Amino acid sequence: DGAAAFDWLAAAKAIGLITLLILAGRTILRPLLRYIAHTGLREIFIAFSLLLVVGIASLMNAAGLSMALGAFLAGVLLADSEYRHQLELDIEPFKGLLLGLFFIAVGMSVDLGLFVRAPLLVLGLAAGVVAVKAALLYPLSIGFGYCGRADATLFALSLSQVGEFAFVLFGVAGSQKLLDRETVDVLNAAVAVSMLATPLLMIAWSRVTQTRLAAGTPAAPDVIDERNPVIVAGFGRFGQVVTRVLRAAGVRATIIEHDPGQIETVRRFGWKAYYGDATRLDLLRAAGASEARLLIVALDDPQDAMRAVRMAREHFPGLRIVARAHSRTDAYEYESLQVPSVRETFGSALDAAGMGLELMGRPAEEARQMLQQFRAYDERRLKELAPHRNDERKLIALARKERENLNQLLSNEAPRA
């Protein structure tokens, strides 16, 4: 009973100490770090951080706990401050050295003789842990909706190994006689094997995906589990700007992208995008095109964009469409379909022309009015020329006449500015 009471008392002391450190980190550490940061002395900042780690580790050791736990807790406290990114940059030179020393020590602690004496036990433990972690991580990633099936598999494989902190825990367990030496050696060896297995699994997965792409087998589209009033097809540089503006205005959009590399990139930046081909009717239905109010077609390929617009116009008559026109020819086609389009370089070209006029000495107001006149004239002519989009001779003749009319319009407008 006395031993049990002592154990409960030690646990209570440990919990109390950790709680006290967390409270001190929030009430004392942050103002202190802010004061040190205002001095502008990088060396003091680094020295204080190292002192904090050593101090908390020593305090935990004095309380009968692990110094490694104290160092870990100090890192958590520092990471919880607003200066975490500056600290990461400051300790970068030490990071590689200390990490290397840690793994050297870990490698020296692994009993290689176990791979001869009990290879099935070590390899079986490692394989079991990797399989269990991957089996748990895959449905979790799918359930939380952060990635599709391909990305969920990659996520599960990349985190399937046992973390390096297990070496610290097993070391403490061995020193406290909670585990015997033979058990600690087996567990350390299994952890090392699981960590070695991760790059091998990643290489295998990469080869599987490359083989699938080389064979021309497209990856299955993601399961779209949300409904939003807007669907954005294509999340390249054009689609990203449109989506950011919509998001800032409080309008949520379902993003569809057909490039797996682009999907992976935008997800790293916190965007939720679904892999799939927006020219497929079943995918648009799954994205909620029947209930959505607006489809923005921002695909990079002009032919794919035109197919998506024609299909959406045919099967979803109540869905409004805005298309990205890659050229004036595309704009003619969209005009014939009565689909509003935005020429991807038209607006930026007008901005460049306005800057050029101002740099050449034109007043800003005069340049602005000339651009407004040009935009209105060009959009009006686009509607007039759209019926002749397949008659190249007539388009050339009308274009020559258009230049004369435009020169006269702008020359007449400039003096009134």
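The side chains of arginine 362 and glutamate 366 come together in a salt bridge, with an N to O distance of 2.8 Å, in what is a predicted model. The two partners are covered to unlike degrees, since arginine 362 has a relative accessible area of 35% and is therefore partly exposed, whereas glutamate 366, at 13%, is buried. This pair belongs to a count of eight salt bridges, and the points below take up further pairs before turning to the pocket, the cavity, a nonpolar surface patch and a serine contact.

**Salt bridges**

- Arginine 181 pairs with aspartate 185 in a salt bridge whose closest N and O atoms are 3.5 Å apart, and both residues belong to helix H10, which covers residues 181-214, where they are four residues apart, or about one turn of the helix.
- Arginine 181 counts as exposed because its relative accessibility is 59%, above the 50% limit, while its partner aspartate 185 is buried because its relative accessible area of 9% falls under 20%.
- A salt bridge also joins the side chains of arginine 280 and aspartate 282, at 2.6 Å from N to O.
- Both ends of this bridge are partly exposed, arginine 280 with a relative accessible area of 36% and aspartate 282 with one of 43%.

**The largest pocket**

- The volume of the largest pocket is about 1400 Å³, and among the 25 residues of its lining, those closest to the centre are Val53, Ala71, Gly75, Ile91 and Leu98.
- Two or more lining residues come from each of helix H2 (42-62), helix H3 (67-79), helix H4 (84-90), H5 and helix H9 (165-175), with H3 giving the most, at eight residues.

**The largest cavity**

- The count of cavities of 30 Å³ or more comes to one, and the largest cavity holds about 30 Å³ of space.
- Its lining is made by Gly25, Arg26, Leu29, Arg30, Leu77, Asp80 and Ser81, and helix H1, which covers residues 2-39, supplies the largest share of that lining with four residues.

**The nonpolar surface patch**

- Leu50, Ile91, Phe94, Leu97, Leu98, Leu101, Ile104 and Met108 make up a nonpolar patch of about 800 Å² on the surface, to which helix H5 (residues 92-109) gives the most, with six residues.
- Two of these patch residues, Ile91 and Leu98, are also named among the residues closest to the centre of the largest pocket, and H5 is listed among the elements that give two or more residues to the pocket lining.
- Leucine 101, another member of the patch, is placed in helix H5 and counts as partly exposed because its relative accessibility is 48%, which lies between the limits of 20% and 50%.

**Serine 141 in helix H7**

- Serine 141 lies in helix H7, which covers residues 119-144, and with a relative accessibility of 6%, under the 20% limit, this serine therefore counts as buried.
- A polar atom of the serine 141 side chain is 2.8 Å from the backbone oxygen of tyrosine 138.

Technical notes: Residues are numbered from 1 along each chain as its sequence is written. This is a predicted model: local features need pLDDT of at least 70, side-chain atom pairs count only at pLDDT 80 or more; totals for chains, interfaces and linings use all residues. Side-chain values use heavy atoms; hydrogens and water are left out. Patches are made of residues with over 30% relative accessible area and no salt bridge: like charges are joined within 9 Å, nonpolar side chains (Val, Leu, Ile, Met, Phe, Trp, Tyr) within 5 Å. Accessible areas come from the Shrake-Rupley method with a 1.4 Å probe; for residues, only the protein chains shown count as cover. A salt bridge is a side-chain nitrogen of Lys or Arg within 4 Å of a carboxyl oxygen of Asp or Glu. Buried means under 20% relative accessible area, exposed over 50%, partly exposed in between (1.4 Å probe, protein chains only). A polar contact is a pair of N or O atoms within 3.5 Å; within protein, one must be able to donate a hydrogen and the other to accept it, and residues adjacent in sequence count only if both atoms are side-chain atoms. On a 1 Å grid over the protein atoms alone, a cavity is a set of points where a 1.4 Å probe fits but cannot get out, and a pocket is an open set with protein on both sides within 12 Å along at least five of seven lines; lining residues have an atom within 4 Å of a point. Grid points are joined across faces, edges and corners, and a volume is the space filled by probe spheres set on the points.
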